[in-house]
Protein chains: 2
Amino acid sequence: MVSDDLFADPPEDTQEEILQAAFEVLQEQGYSGLSIQRIANKVGLQKASIYHHYSDKDDLLLSFVDHILDRMESDLIRTADVSPKTQLESILDSLLLDERASTSAVEISPPSDDLLRVFIQIRAQATHNSDYQDRIAAIDERHEEHLAAIIQRGIDAGEFRNVDPNQVATALNTFILGSFSQRATRTQVSLEPVHKSIYSYLENSVYV
Amino acid sequence: MVSDDLFADPPEDTQEEILQAAFEVLQEQGYSGLSIQRIANKVGLQKASIYHHYSDKDDLLLSFVDHILDRMESDLIRTADVSPKTQLESILDSLLLDERASTSAVEISPPSDDLLRVFIQIRAQATHNSDYQDRIAAIDERHEEHLAAIIQRGIDAGEFRNVDPNQVATALNTFILGSFSQRATRTQVSLEPVHKSIYSYLENSVYV
DNA sequence: ACAAGACTAACAAACGTTCGGTTGGTGAAA
DNA sequence: TTTCACCAACCGAACGTTTGTTAGTCTTGT
């Protein structure tokens, strides 16, 4: 009726509702339980209606993966106008501390446990599907470049030693990925020891 | 015919052949493609015959997971009669170096890429299945205890500083898990930067 | 002859997908 | 302002295939 409704209560695209439903199904049933029928039930549609929005299951799944990896990337990569050391530590704090975003100066919202579990499952598909491999490689590379840029800024600013930014970034990324896998596949795992060890590494091997 | 055949060319238990077939199917098709039909085709049996060896699919899958995790654990946990520092470094070398088991004093055969891919896929199932979660938690804990014991030996021998063995072990395990995930989900990934960084950590934060 | 192991055949259920039909709203023609 | 055509969105029903599973039968070594 009124054109204001366009901005008022966005019922969202049905397409996105379907992706959100897929997210929930994947979380509950896993990749092998991710069927058109279950997605349709979750949205409240007939399964035939899904094909009005996606040409086939492969189309839906590829869109879904892009959607998830975009969300993941926007949680991981953020620019901030603080010192390299502060930025690096606020990233690690948000990813590795139980009480998140409390002590750090910069507010960073880490990926939720739900998103992490879905991410780990998509990653596992990359073991046997080269389409997924390419996308996973791309997000990993961008994440490493992001970390390397911070380290390079730290070196330039005299805060960090003259380390190899790519080497340290790769190591940090591997570390973060390992902690993601822990968080997603085990319950009640404390990342505090990991947090302490990586700070020890930074203090003794990276900071001036 | 002759009883010597029992030892000559071990056709192995049919049960194990089925598990090996499941291994290959999982590797090629992923978890969602792991069907009784495909496993039977791989062994050269009718799918009905599978039920002569396993009561149902769940039974087969649980045996399969146990089988894989046992193989994984025997690759990860080995006792050796060398100094703690040597043992720790030979473990890291075998897991993180491209040319494996060349420079290290102790021969350790690391998990193959195939096994690693399957392991990562089983781990991903743990995100939504508590049976898998328990088994994954168990193998992680044993691996961490193994690492912690080495570190404790190093402290007692005066080779390592008075660090918290469990904290360092947890960090090392997280690191190793991250590199496993990298190796399994990306092609052509070099673990050399990771290897260098962790050695830097050990030199500056753990060794005396 | 006996049991283990493999076979053929069939089952209901779930799978992805297609077809044809029913809505409800929007824009143009009358 | 009414009428009509159009179209996106959704639905019900059916399709052929694959799924896990069971029952009964044949084959084989001891």
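Copies are superposed by least squares on the C-alpha atoms of residues with pLDDT of at least 70 in both. The model described here is predicted. Chain B is superposed on chain A by a rotation of 180 degrees, with 0.0 Å of shift along the axis and an RMSD of 0.1 Å. The two copies are therefore related as by a two-fold rotation axis.

**How the two chains meet**

- In chain B, B:Gly178 has the C-alpha nearest the axis, at 1.8 Å from it.
- Both copies use the same surface, since 100% of the contact residues of chain B recur in chain A.

**Polar contacts with DNA strand D**

- A:His52 has a polar side-chain atom 3.2 Å from a base nitrogen of DNA strand D.
- B:Ser35 places a polar side-chain atom 3.1 Å from a phosphate oxygen of the strand.
- A polar backbone atom of B:Ile36 is 3.1 Å from a phosphate oxygen of DNA strand D.

**The protein surface near DNA strand D**

- In chain A, α4 (47-50) gives two or more residues to this surface.
- In chain B, α3 (36-43) and α4 (47-50) do so.
- There are 16 residues around the strand, and those that come nearest are A:Gln46, A:Ala48, A:His53, B:Tyr51 and B:Lys57.
- By class, five residues of this surface are nonpolar, eight are polar and three are charged.

**The DNA side**

- Sugar or phosphate accounts for 58% of the atoms of DNA strand D within 4 Å of the protein.
- The rest of these atoms belong to bases.

Methods: Residues numbered from 1 in each chain as written. Chains lettered and ligands numbered in written order. Predicted model: local features only at pLDDT ≥ 70, side-chain atom pairs only at ≥ 80, totals over all residues. Heavy atoms only, no water. Contact = heavy atoms within 4.5 Å. Near = heavy atom within 4 Å. Polar contact = N/O pair within 3.5 Å; in protein donor to acceptor, adjacent residues only side chain to side chain. Helix = DSSP H or I, 4+ residues; strand = E, 2+ residues; numbered from the N terminus. Nonpolar A, V, L, I, M, F, W, Y, C, P; charged D, E, K, R; others polar.
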